[in-house]
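User: Please take a close look at one part of this model and set it in the context of the whole chain.

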Amino acid sequence: EGITDGQAGITEKQKGITDKQEGITDGQEGITDKQEGITDGQGGITDGQEGITDNQGGITDGQEGNKDGQGGITGGQEGITDKQEGITDGQGGITDGQEGITDKQEGITDGQKSITDKQEGITD
């Protein structure tokens, strides 16, 4: 009976060892799962960093677009200024032309007076 009891005790101890080995296996699987989770997290961080880089590139492109747009606005404003100066010059030319007409009209008036004087001279 003592031998039988001893054998039963050995069987129980072997079962305990088996349980512990299964526990170790479960623990190792848990570690593997955590390592996979860490790898996934690192992948997520990498994706996030790439997203930030893309956004920064977009900001840079936008800033360059704004600079180009401002250059275009400046060019347009300079063009308007040039046209306004051209209008001013044209108005000056018109004024000069009008003064020339006035001078010619005065010359005609003088010529008419001279004719009148000559006619009076003839009459005299």
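The part I mean is the patch of negative charge on the surface: which residues gather in it, and where is the place of Glu-36?

Analyst: This is a predicted model, in which local features need pLDDT of at least 70 and side-chain atom pairs count only at pLDDT 80 or more, while totals for chains, interfaces and linings use all residues. Residues are numbered from 1 along each chain as its sequence is written, and side-chain values use heavy atoms, with hydrogens and water left out.

The patch consists of Asp-19, Glu-22, Asp-26, Glu-29, Asp-33, Glu-36 and Asp-40. A patch is made of residues with over 30% relative accessible area and no salt bridge, like charges being joined within 9 Å and nonpolar side chains (Val, Leu, Ile, Met, Phe, Trp, Tyr) within 5 Å. A salt bridge here is a side-chain nitrogen of Lys or Arg within 4 Å of a carboxyl oxygen of Asp or Glu. Glu-36 sits in helix H1, which covers residues 2–123. Helices (H or I, at least four residues) and strands (E, at least two) are DSSP runs, numbered from the N terminus. The relative accessible area of Glu-36 is 47%, so this residue is partly exposed; buried means under 20%, exposed over 50%, and partly exposed in between (1.4 Å probe, protein chains only).

The protein chain around the patch has 1 helix and 0 strands. Its C-alpha atoms fill a box of roughly 185 × 10 × 5 Å along the principal axes. The radius of gyration is 53 Å, whereas a compact globule of 124 residues would have one near 14 Å; the value is taken over C-alpha atoms, and the globule rule is 2.2 Å times the number of residues to the power 0.38. Buried residues make up 0% of the 124 residues.

As for charge, the chain carries 28 negative and 9 positive side chains, and the centres of the two sets lie 3 Å apart. Lys and Arg count as positive and Asp and Glu as negative, with His and the chain ends not counted.

Other residues of helix H1 fill in the picture. Gly-2 is found in this helix and is exposed, because its relative accessible area is 56%. From Gly-2 to Ile-59 there are 57 residues in sequence and 85 Å in space, C-alpha to C-alpha. Gly-75 also belongs to helix H1; it is partly exposed at 37% relative accessible area. Gly-75 and Gly-51 lie 36 Å apart, C-alpha to C-alpha, at a sequence separation of 24 residues. Gln-91 has its place in helix H1, and its C-alpha is 67 Å from that of Thr-46, 45 residues away in sequence.

Notes:
Accessible areas come from the Shrake-Rupley method with a 1.4 Å probe; for residues, only the protein chains shown count as cover. The place of a charge is taken as NZ of Lys, CZ of Arg, CG of Asp or CD of Glu.
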